[in-house]
Amino acid sequence: MSCNIIAIANQKGGVGKTTTCANLGIGLAQEGQKVLLVDCDPQGSLTISLGNPMPDQLPETISTVLTKVINDASIKAREGLLEHSEGVDLLPANIELAGLEVSLVNTMSRERILKEYLDSVKSKYDYILLDCMPSLGMLTINTLTAADSVLIPVQAQYLPAKGLEQLLQTINKVRKQLNPKLKIDGILLTMVDSRTNDAKEISQLLRETYGGKLKVFDSVIPHSVRAAEIASYGKSIYAHDPKGKVASAYHALTKEVLKLETKRQKSKSDLIR
Ligand code: ATP
Ligand code: MG
């Protein structure tokens, strides 16, 4: 199987991007996939939530390798990568990435720096998940340029009308100018509180609004304090609360994501035949 690169993106903050990146990634690893998680946010939330509470003290991060790409310097095998005990590799980030984003303005092929790096490591992985920052700036454009597809977490209680439109417009622009093959895997409803939101109703509404053009994942992620706790433990929800509803929701999402790939492989081989 070839490598699937998935950007987990939404410029709205706090919608569950990082939580989804960590738990979908570790979920895929539990299903036997080789997984790299890339922290593309200078806040370093993914880095922290995978057990590195002081990202600013890490000697090597995504900034190290991207700077080397920019300077055409060679990157050592596994440079910058950390191993997480639950079976995924992590390319961490810290505040240096904010400076790097600014300096990209004056860089040749500035939208393709991350892609160039990922091209050099992707043969080693089945899945690479990119945890985007909450903006549509140059770093996020880099993730959309490098990705095969986008997964969009949306917080159920704030149905985003404008925000989502803006993200879809950006995706379309990237398709036109930088990455024609970019697909949208779908919208993932997160932090669903069954007492106040009816997930089915919201999914239905989203499907109607986007004319069936956008998939909404069948799996929805429930709201649970257990999910909010994991960042401070450095573990996945499967390790922290294995029998809980959020663990089973992320497990179901993992299966859905794997199925997407099987479908794509099948339609490819149908085309060849
Ligand atoms: P940012 O835009 O800042 O990068 P994000 O989109 O990555 O945010 P997260 O950091 O994953 O979002 O989640 C935002 C907050 O909500 C965090 O405190 C997280 O622990 C919490 N959270 C995530 N998922 C759930 C859930 N299913 N139930 C309850 N709380 C959650
Ligand atoms: Mg985040």
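Is Cys21 buried or exposed, and what is its relative accessible area? Cys21 is buried, with a relative accessible area of 0%, where buried means under 20%, exposed means over 50% and partly exposed lies in between, for a 1.4 Å probe and protein chains only. The structure is a predicted model, in which local features need pLDDT of at least 70 and side-chain atom pairs count only at pLDDT 80 or more, while totals for chains, interfaces and linings use all residues. Residues are numbered from 1 along each chain as its sequence is written, chains are lettered from A and ligands numbered from 1 in the order in which they are written, and side-chain values use heavy atoms, with hydrogens and water left out.

**View 1. Cysteines Cys21 and Cys40, in a model with zero disulfides.**
A disulfide is a pair of cysteine sulfur atoms within 2.5 Å, and by this rule the count is zero. The closest cysteine sulfur to that of Cys21 belongs to Cys40, and because the two are 8.1 Å apart they are too far from each other for a bond. Cys40 is in no disulfide either, since the nearest cysteine sulfur, that of Cys132, is 5.9 Å away. Cys40 is buried as well, with a relative accessible area of 2%.

**View 2. The open sheet of seven strands.**
Helices (H or I, at least four residues) and strands (E, at least two) are DSSP runs, numbered from the N terminus, and two strands pair if DSSP finds at least two bridges between them. The strands of this open sheet follow the order 3-4-2-5-1-6-7, and their pairing is mixed. Strand 3 (82–83) and strand 7 (183–190) are the edge strands, each pairing on one side only. As background, strands of a sheet pair through backbone hydrogen bonds, either parallel or antiparallel. Strand 2 (residues 35–40) and strand 5 (residues 127–132) pair in the parallel sense over six bridges, and Leu37 has Leu129 of strand 5 as its bridge partner.

**View 3. Helix 11 (residues 245–272) packed on the sheet.**
Where contact means heavy atoms within 4.5 Å, helix 11 touches strand 1 (4–8), strand 5, strand 6 (149–155) and strand 7. The direction of helix 11 makes about 165° with that of strand 7; axes are lines fitted to C-alpha atoms, for helices over the stretch in contact, and angles run from 0 to 180 degrees between N-to-C directions.

**View 4. Salt bridges that involve helix 11.**
A salt bridge is a side-chain nitrogen of Lys or Arg within 4 Å of a carboxyl oxygen of Asp or Glu, and a search of the whole structure finds eleven of them. One of these joins the side chains of Lys255 and Glu31, at 3.2 Å from N to O. Lys255 lies in helix 11 and Glu31 in the loop between helix 1 (17–30) and strand 2, so this pair ties together parts that are 224 residues apart in sequence. Lys255 is partly exposed at 41% relative accessibility, and Glu31 is also partly exposed, at 27%. Arg264 forms another salt bridge, with Asp185, and the closest N and O atoms are 2.5 Å apart. Because Arg264 lies in helix 11 and Asp185 in strand 7, this pair ties together parts that are 79 residues apart in sequence. Asp185 counts as buried, at 2% relative accessibility.

**View 5. Two residues with a positive phi, Asp72 and Met191.**
Most residues other than glycine have a negative phi. Asp72, although not a glycine, has a positive phi of about 60°; Asp72 lies in the loop between helix 3 (62–70) and strand 3 and is exposed, with a relative accessible area of 70%. Met191 has a phi near 50°, again a positive value in a residue other than glycine. Met191 is found in the loop between strand 7 and helix 8 (199–209), and is partly exposed at 23% relative accessible area.

**View 6. The surroundings of Asn142 in helix 6 (residues 138–146).**
Asn142 counts as buried, at 2% relative accessibility. The side chain of Asn142 reaches the backbone nitrogen of Leu114 at 3.0 Å, which is a polar contact, that is, a pair of N or O atoms within 3.5 Å; within protein, one must be able to donate a hydrogen and the other to accept it, and residues adjacent in sequence count only if both atoms are side-chain atoms. Not counting residues up to four places away in sequence, Asn142 touches Leu104, Arg110, Glu111, Arg112, Ile113 and Leu114.
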